[in-house]
Structures are given as structure tokens and as C-alpha cells.
Amino acid sequence: MNLWLIMIIAGAITYGLRLSFILLVGDREIPGDIKTGLYFVPPAVLTAIILPEVLYSGDELQLNFGNFRLIASIIAVLVAWKTKSPILTVAIGMIVLWVLLAFFV
Amino acid sequence: MRPQVSEFISGIKAVLPILIGVIPFGMIYGVLALDAGMLPVQAQAMSSIVFAGSSQFIATQLIGNSVFGFVIVFTIAVVNLRHLLYSASIAPYFINLSKKWEFFLAYFLTDEAYAVAIAHFRKLEKDLEAFNPGERIPKILNDRYTYKNFYYLGAGFGLWSIWQISTAAGIFLGAIIPESWSLDFTLALTLIALVVPTFDDRASLMAALVAGLISVFAYALPYKIGLVAAAFVGITVGVILKKRL
């Protein structure tokens with residue numbers, strides 16, 4: 001298959017996935033159980049994205065204090081919890097990571 | 001300033017920390033795409049036609065290995081399945097918009113724009129719920145809720161622009177930000193900042209923990225299928241707990 005064709009089909013499918021419910025829901029009322037389910041989409045999906053990102057280095061699970069990203073992330077969770085500020089969370093998380101890298105590598 | 005404009009700018013500002021992390025990703029994608037044998041124009045076009053980072057990364061791998069076209073399409077589709085969940089989750093906030101707007105906004109529904117927008121929408125709802133029925137809601141809060149689509153658009157468009165620019169930088173300059181700066185980590189950090197406030201009850205926290213753990217243990221599965229499975233189980237756990245409380 002031609003690479004352009006691959007891109008266009010894959011792009012159309014991706015766009016379709018994004019559009020699907022936005023278009024379908026319209027102004028209909030969403031059934032109760034599904035509404036409850038949607039409430040849990042952000043915590044569930046975002047955590048499922050973040051956790052492997054932090055715990056894996058390449059294909060290897062790094063569950064130890066030699067994993068500086070894990071330490072920086074734990075501190076970032078505390079900062080986010082206390083301040084609810086993305087800027088502070090990112091800034092402190094990066095500083096912790098850079099300091100650990102500077103002193104221990 | 002018109003509320004539409006100020007909401008648009010707020011959306012851009014909110015996505016800024018994420019953009020720092022997106023730049024190295026975009027550049028690496030540009031480099032990988034050329035390595036895989038794609039033409040510069042194809043590599044660039046993919047960033048706007050598909051516009052989904054992780055699926056583009058996997059696609060370059062498959063293209064480099066000359067995998068069958070339909071396998072590439074299938075892989076991209078499965079890797080992007082989670083966008084269905086984002087679509088369903090964000091749809092209730094767009095119900096008052098015209099079809100034209102819905103078609104337009106859907107294009108920008110990436111992980112990052114979704115995370116930034118949904119956090120903002122939920123906070124607005126909480127702020128609104130703090131008012132008793134009949135109590136006068138300040139105009140600024142009302143405007144922010146009315147024009148929340150502009151906030152989302154700001155986040156989505158900001159991300160889109162940086163994704164295009166960093167792809168081009170990768171294609172023409174190579175990956176010019178040294179890996180040792182670890183700037184990609186700002187992505188995970190921003191998502192942490194956005195997800196932590198959603199742990200506002202026990203059910204949400206459990207949904208997150210279950211989804212996170214399954215995602216870690218299913219990480220080796222192909223097509224990022226572990227992510228989708230983890231999300232579904234986590235959501236189900238959340239619903240069950242919520243009903244029992």
C-alpha cells in the first residue's frame with residue numbers, strides 16, 4: 001500500500017475515534033452508569049499512561065531508588081497534591097531530577 | 001479582552017508546560033521518520049494527518065521494517081483507541097456547540113489537550129456547584145464556562161503548532177535538544193499535576209491505582225492494548241465502588 005494512502009486511512013480512523021462520541025452524544029442525556037464511568041476516565045487513563053512511563057526504562061521495570069524519575073515523580077505527586085499548580089509541579093519535579101542526575105551519575 | 005480570546009490564551013498557557021516535553025518528542029519523531037525512509041514531506045504530513053505522537057512513533061518502526069500497509073493502519077488504529085474514551089468523556093461539555101464546531105474541535109483531541117481541558121472543565125464545574133441555586137454567579141465564571149471550547153481550542157492549537165514545528169525541526173535539523181536534559185520528563189510531570197486533583201474520592205483513587213498497576217504489568221503487550229484494558233478495568237472498579245458507597 002502506498003504510504004500516502006496508509007497515512008490518510010490511519011488519519012481518518014484516528015479522527016473518527018476522536019469525533020465519535022462528541023458527534024453522537026449531541027444533546028441527548030447520557031445514561032447514568034455511563035455517566036458515572038466517564039467520571040473515572042481522567043484518573044484511570046492518565047494514571048495508566050503515567051505509571052509505565054515513570055517505572056520503565058526501555059523495556060525494564062525499575063522499581064528502586066536508582067530510578068531518579070520515580071523519586072522525582074513521587075515528589076511531584078506531593079507537590080501537585082499540596083499546590084494543585086502544574087507549573088510548580090513541573091518545575092520542582094525537573095529540579096529534583098536534575099539534582100539527582102548531577103550528584104549521582 | 002473578549003472572553004473568547006482570553007479563554008483561548010488561558011488554554012495556551014495551560015498547555016505550555018506540556019509543550020516543553022513535546023518538543024524533544026517531535027524532533028525525535030522527525031529523525032526516526034526519515035531513518036525509516038519516509039520523505040520529508042511525508043514525515044511532516046503525518047504529523048498533521050494522524051497527529052498522534054505515540055502512534056506515529058510506532059508507525060515509523062513498521063514503515064522502516066516494510067510491514068504490510070494494512071498492518072500499519074491496524075496498529076495505528078489500535079494504538080489510538082483510547083481517543084474513544086476521551087471523546088466520550090469530553091462530549092458532554094460540547095453539547096451546546098454546533099456540528100461545525102464539533103467537527104473542528106475533534107481534530108485536536110490528543111492526550112495532552114484532553115488532559116488539560118478536562119481538568120479545567122471539572123474545576124469550573126466544581127466552582128459553579130459551590131453556588132446555591134438562585135445565587136448570582138459572577139460573570140467571569142459564567143463566561144469561562146460558556147466559552148470553555150475556546151480554552152480547549154487554545155490547548156489543542158498550541159499543542160498542534162508545537163508538534164508541527166518540532167517535527168520540522170527534527171526533519172531539517174535533527175534532534176537538537178540533548179537527551180541528557182531529560183526534557184521529555186516534563187510530559188509525565190504535567191500529567192501528574194493534572195491527574196492528582198482528580199483523586200478527589202476513594203473511588204477515583206482506586207480506579208487510578210488499579211488502572212495504573214494493570215498498565216504497568218501489561219506494558220509488554222503490543223499495540224498499547226494494555227493501556228486500553230487498564231483504563232476499562234480501572235473505570236469499572238470506580239463505578240462499582242461508587243455504587244456501593
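Here are some questions and answers about a predicted model with chains A and B.

User: Which helices and strands does chain A have, and in what order do they run?
Analyst: Let's start with the count: chain A holds five helices and two strands. Now read from the N terminus on, and the order of the elements is α-α-α-β-β-α-α.

User: Is chain A spread out or a compact globule?
Analyst: For 105 residues, the globule rule gives 13 Å. The radius of gyration of chain A is 20 Å, well over that, so chain A is more spread out than a compact globule. As for its box along the principal axes, the C-alpha atoms fill roughly 55 × 45 × 25 Å.

User: How far apart are the C-alpha centres of the two domains of chain A?
Analyst: Chain A is divided into domain 1, residues 1–33, and domain 2, residues 40–105. Going from the C-alpha centre of domain 1 of chain A to that of domain 2 of chain A, you cover 32 Å.

User: Which helix gives the most to the side of chain A that touches chain B?
Analyst: Here 57 residues of chain A are in contact with 69 residues of chain B. On the chain A side, H1, H2, H3, H4 and H5 each supply at least two residues. The top giver, with 18 residues, is H1(A).

User: How many residues on that side of chain A are nonpolar, polar and charged?
Analyst: Sort the residues of chain A that touch chain B by type, and six turn out charged and ten polar. The nonpolar ones number 41.

User: Why does the length of helix H11 of chain B agree with what it should span?
Analyst: Helix H11 of chain B covers residues 202–217, which is 16 residues. At 1.5 Å a residue, they should span 22 Å. The end C-alpha atoms agree with that, because they are apart by 23 Å.

User: What do the buried residues of H11(B) pack against?
Analyst: The buried residues of H11(B) include B:Met206, B:Val210, B:Gly212 and B:Ile214. Within chain B, they pack against helix H10 (185–195) and helix H12 (225–244). They also pack against an element of the other chain, namely H3 of chain A.

User: Is B:Val41 buried or exposed?
Analyst: You'll find B:Val41 in helix H2 of chain B, residues 40–49. A residue is exposed if 12 or fewer other C-beta atoms lie within 10 Å of its own. B:Val41 has 10 such neighbours, so B:Val41 counts as exposed.

User: How far apart in space are B:Val41 and B:Gly212?
Analyst: In sequence, B:Val41 and B:Gly212 are 171 residues apart. In space, C-alpha to C-alpha, the distance between B:Val41 and B:Gly212 is 37 Å.

Technical notes. Residues are numbered from 1 along each chain as its sequence is written. Chains are lettered from A and ligands numbered from 1 in the order in which they are written. This is a predicted model: local features need pLDDT of at least 70, side-chain atom pairs count only at pLDDT 80 or more; totals for chains, interfaces and linings use all residues. Two residues are in contact if their C-beta atoms, placed from the backbone, lie within 7 Å. Helices (H or I, at least four residues) and strands (E, at least two) are DSSP runs, numbered from the N terminus. Ala, Val, Leu, Ile, Met, Phe, Trp, Tyr, Cys and Pro count as nonpolar, Asp, Glu, Lys and Arg as charged, and the others, Gly among them, as polar. The radius of gyration is taken over C-alpha atoms; the globule rule is 2.2 Å times the number of residues to the power 0.38. Domain bounds come from an automatic or database domain assignment. The expected span of a helix is 1.5 Å times one less than its number of residues. A residue is buried if 20 or more other C-beta atoms lie within 10 Å of its own, exposed if 12 or fewer, and partly exposed in between; C-beta atoms are placed from the backbone.
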